[in-house]
Amino acid sequence: MATKIRLQRHGKKGKPFYYIVVADSRAPRDGRFIERLGSYNPNTNPATIDLNFDQAVKWVTSGATPTDTAKAILSYKGVLYKKHLNGGVTKGALTQEQADAKFAEWLQSKEGKIEAKKEGLVSKKEETKKAALVEEAKKREAIEAAIAAKNAPVEEAAPEVEEEAASEDAAVEASAEETEAPSAE
C-alpha cells in the first residue's frame, strides 16, 4: 500500500486549519487516514505547527512520501534532516552522537531564527502603534488649534474689521463726492 503524508483540511471558509496525516494515496483528501501526526495552522504569524516528531520520522523512514506542502512542513520542523542524519549513521559515515550533536545545533539555530522573527513582528507592531499615536497627537493638536481660532474672542477681531470697513466707507464717500461735484455744475 502506497502511503502519503499530506494535509487534511478543516476550518471554515477563508480560515483553513489542517491536520497532518498519513493516508493511503488512493483515499480522498479529507477521507480515511491511517494516523494523525499533528496540525498546521497557517492563520497565525508565524504559522503554528504541532507535530509528533518521532512518529513523523518513523513514517518517513518507512517509505511514506510527503506531498509538497507536507514536505515543506516536515523540512521546517527538521524531520527530513533527522532522516538524512540517520541515513548517514546507518551507512557508517557518522556516529549516533555526532548525528545528535548536528541535529541539536541545527535545532538551536532554527529556534533562534523563529524567536528573532517573533521579536521582529512584536517590535514592528509596537513601532506601528507609536507612529499611529504620534499621527493622532498631530491631528488632535490641529483640531484644537482650529477650535481655539474659532472660539477666539470676537472683540479683538472686530476693531480691525471696523477700521477696514471705515476706510472703505471713507473711500466710497470720497469717490461719491467727486462724482457729485461735477454733476452739480
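This passage describes the fold, the sheet, the nonpolar core and the largest pocket of a predicted model.

The protein chain contains 5 helices and 5 strands, and, when it is read along the sequence, these elements follow the pattern β-β-β-β-α-β-α-α-α-α. The chain has 185 residues, of which 20% count as buried. Among the contacts between residues at least 6 apart in sequence, 35% join residues that are at least 24 apart.

The strands form an open sheet of 5 strands, in which the order is 4-3-2-1-5 and the pairing is mixed. Strand 4 and strand 5 are the edge strands, each of them pairing on one side only. Strand 1 (3-10) and strand 2 (17-24) run antiparallel and are joined by 8 bridges; within this pairing I5 stands opposite V22 of strand 2, while H10 stands opposite F17 of strand 2. The hairpin made by these two strands has 6 residues between them, and in it G11 takes a positive phi near 95°. Strand 2 also pairs with strand 3, in the antiparallel sense and over 5 bridges, and here the bridge partner of Y19 is S39 in strand 3. With 6 of its 8 residues buried, strand 2 is largely enclosed by the rest of the structure.

The pairing of strand 1 with strand 5, which covers residues 65-66, is parallel and consists of 2 bridges. In strand 5, T65 is the bridge partner of K4, and P66 is the bridge partner of I5. I5 therefore has a bridge partner in strand 5, by the parallel pairing of strand 1 with strand 5, and a residue opposite in strand 2, if strands are taken to pair where at least two bridges are found between them.

At the other edge of the sheet, the loop between strand 3 and strand 4 holds P46, and the peptide bond that joins N45 and P46 is cis, with omega at about -5°. Beyond this loop, D50 is found in strand 4. D50 has a relative accessibility of 45%, and it therefore counts as partly exposed, a class that lies between under 20% for buried and over 50% for exposed. Although D50 and S39 are 11 residues apart in sequence, their C-alpha atoms are 5.2 Å apart in space. When residues up to four places away in sequence are not counted, D50 touches L37, G38 and S39.

In soluble globular proteins, nonpolar side chains tend to be buried together. The largest nonpolar core of this model has 18 residues, and those with the most contacts inside it are I5, I20, L37, Y40, L51, L74 and V79. At least two residues of this core are supplied by each of strand 1, strand 2, strand 3 (35-41), strand 4 (48-51), helix 1 (53-61) and helix 2 (68-77). Helix 1 gives the most to the core, with 4 residues. The surroundings of one core residue, L74, can be listed in detail: leaving aside its neighbours within four places in sequence, L74 is in contact with I5, L51, A56, V60, P66, V79 and L80. Among these contacts of L74 are I5 and P66, the two residues that are bridge partners between strand 1 and strand 5.

The largest pocket has a volume of about 340 Å³. Its lining is made up of 15 residues, and of these I49, Y76, K77, E111 and I114 lie nearest the centre of the pocket. The elements that give two or more residues to this lining are strand 4, helix 2 and helix 4, which spans residues 96-150. Helix 4 gives the most, with 7 residues. When the lining is divided by class, it has 9 nonpolar, 1 polar and 5 charged residues. Strand 4 and helix 2 thus appear in two parts of this description, as each supplies at least two residues of the largest nonpolar core and each gives two or more residues to the lining of the largest pocket.

Notes. Residues numbered from 1 in each chain as written. Predicted model: local features only at pLDDT ≥ 70, side-chain atom pairs only at ≥ 80, totals over all residues. Heavy atoms only, no water. Core = buried A, V, L, I, M, F, W, Y, C linked by side-chain atoms within 4.5 Å. Buried < 20%, exposed > 50% of the residue type's maximum accessible area, 1.4 Å probe, protein only. Contact = heavy atoms within 4.5 Å. 1 Å grid on protein atoms, 1.4 Å probe; cavity = no way out; pocket = protein on both sides within 12 Å on 5 of 7 lines; lining within 4 Å. Points joined across faces, edges and corners; volume = space filled by probe spheres on them. Nonpolar A, V, L, I, M, F, W, Y, C, P; charged D, E, K, R; others polar.
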